[in-house]
Amino acid sequence: MSRILMKIAHIATPNFPFTRIYRGSESIVCNLAEKQISEGHDVTIVASPPGNGERLRTVSFVKPARKYSNWLLNWISQRINGAIHVYKSFKWLDSKFDIIHNHLSEEGIAFSFLRKVPCLNTLHGTPHERFLQYYVTRLYSITRDTKLVALSRFAYLRYKRFYGDDLIGYVHSGIDTRLFKFVSKVEKDSEVEICFLGRMAPDKSPKEVIFIADKLHDRGIDIHLKVIGKFDPRNLAYFQRIMQLINRRNHVSAFINVLAQDVQSLVGNSDVLVFPISKTEPLALAPLESMACGTPVVSLNQAAANEYILDGVNGFLCNDLSELGDVIHLHEYSTFQNIVVAHYAKKYGVPY
């Protein structure tokens, strides 16, 4: 029996250039669309114009939202632009496709009454932090006409009590490992080279990673921290404070909005990625990207961390920030095997 091929439409954000180089949800859509195309499906993406050589079929109905220095005005601008984008998308997509996969959460759910074809909505955000997403989905769930999918088992269990039968399951987002170069030998100038990778926002905890590096530096360790960050205009004041902290320290360097190939080099030539994941993070791509480069991850054991980090195998799960620092201090990080040996030597009281 031959496989039934479908016409699939993805609705992504209109507020940023559609390209995988900045990572985040755009790279998730890119990877998913390319996999579906490789299986023979006809895929179209409705987003902002693609950039940096992306060859996926992309349709645009609105220009990126106007940016403001004030975070509230910027947020309102993006929400209005997103609503117009989704409204025009559903009006054009309906009857032309077999299924619509929406990645904008609240905007897509609010306007999904405009379409007749099946619609799947991936919840990229957190309902406790994105109150609009929560209330819109709760209101629209009265019709039972749209289905939701979470990004991890942790997120599924957390959302289920809010969304009930509308939340039908979870699918882990992945990365294309072919795009990441495995670094077998770390090139570094310091004894211990650690890195942070993520959006420059309080929920990603770059400040806490800087303080961990400070404590290790105060112990006399020759350490260097690379803060590889993505600027978030919604957290401008926080970003400025982080840059002030970095500029006062010789053992910390900042790399902001760097391209994907530079991220790979920076992460690959690090001994470890320090990732103090927040308690509400549904899924993070940074640890997956780090492991693809051969760099183990030291993370807090909360949220969905234990769904992709195996303690002592591809990284370590810690109970608090001080334990993160202790794990980094255990050894010289000459090889990944030293991580496992040193960690379990301390855990089971074996001399190392």
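What share of the 352 residues in the protein chain is buried? Buried residues make up 53% of them. The views below come from a predicted model.

**Figure 1. The whole chain holds 11 helices and 13 strands.** The accessible surface of the protein chain comes to about 17,000 Å². Carbon and sulfur atoms account for 55% of that surface. Consider the contacts between residues at least 6 apart in sequence. Of these, 64% join residues at least 24 apart.

**Figure 2. Seven strands form an open sheet with parallel pairing.** The strand order is β3-β2-β1-β4-β5-β6-β7. At the edges stand β3 (58–59) and β7 (167–170), and each pairs on one side only. Strand β1 covers residues 7–11, and strand β2 covers residues 42–46. These two strands pair in the parallel sense over five bridges. Lys7 has Asp42 of β2 as its bridge partner. Helix α2 packs on this sheet. Its contacts there are with β1, β2, β3, β4 and β5 (119–122). The direction of α2 makes about 170° with that of β1. Helix α5 also packs on the sheet, touching β6 (147–150) and β7. The direction of α5 makes about 170° with that of β7.

**Figure 3. His101 sits in strand β4.** This strand spans residues 99–102. Is His101 buried or exposed? His101 counts as buried, because its relative accessibility is 11% and the cut-off for buried is under 20%. Leaving aside residues up to four places away in sequence, His101 touches Ala9, His10, Ile11, Leu32, Leu120 and Thr122.

**Figure 4. Helix α2 contributes Ile76 to a nonpolar surface patch.** The helix runs over residues 71–93. Which residues make the patch? They are Trp71, Leu72, Ile76, Ile80 and Ile84. The patch has an area of about 460 Å². Ile76 is partly exposed, with a relative accessible area of 35%. A general point helps in reading this view. An α-helix has 3.6 residues a turn, so residues three or four places apart point the same way.

**Figure 5. Helix α5 has buried aromatic residues and a glycine after its end.** The helix covers residues 153–163. Its buried residues are Phe154, Ala155, Tyr156, Tyr159, Phe162 and Tyr163. Gly164 follows α5. The phi of Gly164 is positive, near 55°.

**Figure 6. A second view of strands shows an open sheet of six, with parallel pairing.** The order is β10-β9-β8-β11-β12-β13. The edge strands are β10 (252–256) and β13 (315–318), each pairing on one side only. From one strand to the next, the twist averages 20°. Helix α7 (residues 236–247) packs on the sheet. It touches β9 (223–230) and β10. The direction of α7 makes about 140° with that of β10. Strand β12 (residues 297–300) pairs with β13 in the parallel sense, over four bridges. Val297 stands opposite Gly315 in β13.

**Figure 7. Asn269 lies in the loop between α8 and β11.** Helix α8 spans 260–268, and strand β11 spans 272–275. Asn269 is buried, with a relative accessible area of 15%. Which residues does Asn269 touch, not counting residues up to four places away in sequence? Its contacts are Val183, Lys185, Val186, Glu187, Glu193 and Lys226. Asn269 and Lys185 are 84 residues apart in sequence. In space, they are 7.7 Å apart, C-alpha to C-alpha.

**Figure 8. Ser205 and Asn257 each have a positive phi.** Most residues other than glycine have a negative phi. Ser205 has a phi of about 65° although it is not a glycine. Ser205 is found in the loop between β8 (192–199) and α6 (206–218). At 12% relative accessibility, Ser205 counts as buried. Asn257 has a phi near 55°. Its place is in the loop between β10 and α8. Is Asn257 buried or partly exposed? Asn257 counts as partly exposed, with 40% relative accessibility.

How values were computed
Residues numbered from 1 in each chain as written. Predicted model: local features only at pLDDT ≥ 70, side-chain atom pairs only at ≥ 80, totals over all residues. Heavy atoms only, no water. Patch = residues over 30% accessible without salt bridge, like charges linked within 9 Å, V, L, I, M, F, W, Y side chains within 5 Å. Areas by Shrake-Rupley, 256 points an atom, 1.4 Å probe, with all protein chains shown as cover. Salt bridge = Lys/Arg side-chain N within 4 Å of Asp/Glu carboxyl O. Buried < 20%, exposed > 50% of the residue type's maximum accessible area, 1.4 Å probe, protein only. Pairing = 2+ DSSP bridges. Axes fitted to C-alpha atoms, helices over the stretch in contact; angles between N-to-C directions. Contact = heavy atoms within 4.5 Å.
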